[in-house]
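The following exercises concern helix packing, ion pairing and backbone geometry. Each task is followed by a solution in steps.

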Amino acid sequence: STGLALPLLGCIFGFLLLLLVLYIVTFEGVRRIHFIIFPTSGLKVDYTTSSYLKIFVNWLQMVSLALYLKIPKNHSMETMFQIQTLGQLHPWAFQSFNCLFSLDFYTRVYYAMLVPLCCVVAGLAFSGGLLLSGILGKRPQLLDLWLMNTQILWFLTYCGVVHTVFEVSACRQIDDGRSVLYADPSISCDTKEHEDVKLRATLFACFFCCGQPLQLLAHMWWRRDDLEERKCYIRYSFFTLNYKKEYFWYEAFCMLRKLLIIFVVTLIQEDTRRQIFLLSLLSVLYLGIHSYLSPFTKHALNELESHALFTMAFTYNVCVLFQEASNVNNNDFEMSFTWCVILLNFAIAVHCCTRIARSFLTLRGVKRSERQERAMPDEIAKGEGRRQSLDCNLDAFMDGGASAKAPHLPASFSIGLGRRESKAPRYSTQVSNPLAADL
């Protein structure tokens with residue numbers, strides 16, 4: 001029961017993490033759309049939650065790919081990589097899910113190919129639910145909202161889908177001359193069934209794995225002069241928000257960056273030394289490109305992205321050290337670098353989560369402030385109505401003499417006020433001027 005409970009807890013935690021990511025992205029997306037529909041809002045809002053979340057997810061997805069490197073890893077580092085696979089937001093990327101739902105390799109590949117279609121259906125259902133709920137007030141077009149949610153779901157599941165599909169082509173030779181899969185050595189790569197699956201996976205890789213970032217880049221490039229208009233803003237603001245105007249394409253470049261890293265991790269496994277060298281080279285290259293461009297408009301975002309890319313580069317470079325290690329558990333030199341990697345990854349995770357939480361809570365506070373501001377005119381109007389009602393009742397009482405009484409006043413009030421009225425009229429046209437008495 002203990003062996004089953006731990007994978008179950010891992011799956012529940014992964015599912016809750018997915019729901020949390022979707023909630024944060026959706027909440028800020030709704031707020032962005034609300035800002036476009038109601039541009040007269042006097043509150044200035046910085047929509048940075050999604051940008052921090054994208055940096056966090058990209059870092060988790062790229063660093064967790066080190067789990068699949070064929071190098072000796074100690075238990076602490078392997079556990080860290082397994083936890084980071086949660087960032088791929090793909091069920092078969094997390095080993096606890098495989099323990100609970102054991103499926104053969106080909107079934108997992110076919111399910112992975114269905115994920116983009118499921119994202120389209122889920123995006124349509126979710127967009128329709130938002131419109132019907134009335135959360136957005138004045139309703140945007142269903143097509144714009146649908147495209148936004150579908151693109152977001154494709155972005156979140158992209159890494160896990162690409163890695164699963166690429167594994168179909170990752171084969172190796174064994175001693176008897178047969179070719180088997182790296183992911184599942186019980187499957188021979190020489191069978192007709194595998195050739196059919198490989199052909200389908202290749203077509204899928206061309207249309208989705210390569211086509212998804214390219215179509216996103218093509219659409220944004222085509223509408224680059226209209227990205228700030230309402231329709232394009234709703235569709236693509238998740239990918240262009242907080243980027244400098246000239247670097248609107250950078251998020252599509254990040255997806256191509258993940259595609260290249262997955263290609264190296266999955267398909268270049270025969271030569272581990274070449275594989276780790278390419279990963280180290282790519283990670284340093286990406287860090288240099290980002291440092292040179294500084295594509296974000298906010299310094300905090302550029303700083304966090306630099307920290308994430310440096311952590312990825314350091315992790316892959318440390319893997320070079322483990323390549324020739326015979327026993328990484330008893331070697332003090334390798335263990336010291338292991339804990340450096342773990343602490344550095346933990347620090348960037350805390351940094352990202354702190355930024356996301358602060359930005360999200362600020363956005364929630366802005367929403368409460370807007371709600372209070374919208375409620376203030378109603379309260380003022382109600383107070384003005386009550387004041388006018390009191391004045392009318394009092395005037396009616398004064399006009400009716402001592403016998404009249406406002407309904408909200410006690411019976412004794414009319415007698416006292418009637419006596420005072422005879423001595424000093426409430427509405428007097430005479431002006432008391434002490435200087436006139438002396439003249």
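Helices (H or I, at least four residues) and strands (E, at least two) are DSSP runs, numbered from the N terminus. The model is predicted, so local features need pLDDT of at least 70 and side-chain atom pairs count only at pLDDT 80 or more, while totals for chains, interfaces and linings use all residues. Residues are numbered from 1 along each chain as its sequence is written, and side-chain values use heavy atoms, with hydrogens and water left out.

**Exercise 1. Describe the overall composition of the protein chain.**

Step 1. The secondary structure comprises 15 helices and 2 strands.

Step 2. Of the 439 residues, 46% are buried; buried means under 20% relative accessible area, exposed over 50%, and partly exposed in between (1.4 Å probe, protein chains only).

Step 3. Among contacts with a separation of 6 or more, 70% are between residues 24 or more positions apart, where contact means heavy atoms within 4.5 Å.

**Exercise 2. Determine how α2 and α6 each pack against α10.**

Step 1. Axes are lines fitted to C-alpha atoms, for helices over the stretch in contact, and angles run from 0 to 180 degrees between N-to-C directions. The axes of α2 (residues 49–64) and α10 (residues 250–267) come within 10 Å and cross at roughly 10 degrees. Therefore α2 is roughly parallel to α10; angles under 35 degrees count as roughly parallel, over 145 as roughly antiparallel, 65 to 115 as roughly perpendicular and the rest as oblique.

Step 2. The crossing of α2 and α10 is left-handed. A crossing is left-handed if the near helix is turned anticlockwise from the far one by less than a right angle, and right-handed if clockwise.

Step 3. From α2, Lys54, Asn58, Gln61 and Met62 meet Glu251, Cys254, Arg257, Lys258 and Ile261 of α10. The residues of this contact are 3 nonpolar, 2 polar and 4 charged. Here Ala, Val, Leu, Ile, Met, Phe, Trp, Tyr, Cys and Pro count as nonpolar, Asp, Glu, Lys and Arg as charged, and the others, Gly among them, as polar.

Step 4. For α6 (residues 142–166) and α10, the angle is about 25 degrees and the axes are 10 Å apart. These two helices are therefore roughly parallel to each other, and their crossing is right-handed. The contact of α6 with α10 divides into 10 nonpolar, 2 polar and 2 charged residues.

**Exercise 3. Which side chain meets Lys54 in a salt bridge, and where do the two residues lie?**

Step 1. A salt bridge is a side-chain nitrogen of Lys or Arg within 4 Å of a carboxyl oxygen of Asp or Glu. The whole structure contains 7 salt bridges.

Step 2. The partner of Lys54 is Glu251, at 3.6 Å from N to O. Lys54 lies in α2 and Glu251 in α10, 197 residues apart, so the pair links distant parts of the chain. Both Lys54 and Glu251 are buried.

Step 3. Asp196 and Lys192 meet in another salt bridge, at 2.9 Å from N to O. Both residues belong to α7 (residues 192–209) and are 4 residues apart, about one turn of the helix. Asp196 is partly exposed at 27% relative accessible area, and Lys192 is exposed at 60%.

**Exercise 4. Locate residues other than glycine with positive phi.**

Step 1. Asn242 has phi near 70 degrees and is placed in the loop between α9 (230–240) and α10. With 11% relative accessibility, Asn242 counts as buried.

Step 2. Ser294 has a phi of about 45 degrees and is placed in the loop between α11 (272–293) and α12 (299–323). Its relative accessibility of 26% makes Ser294 partly exposed.
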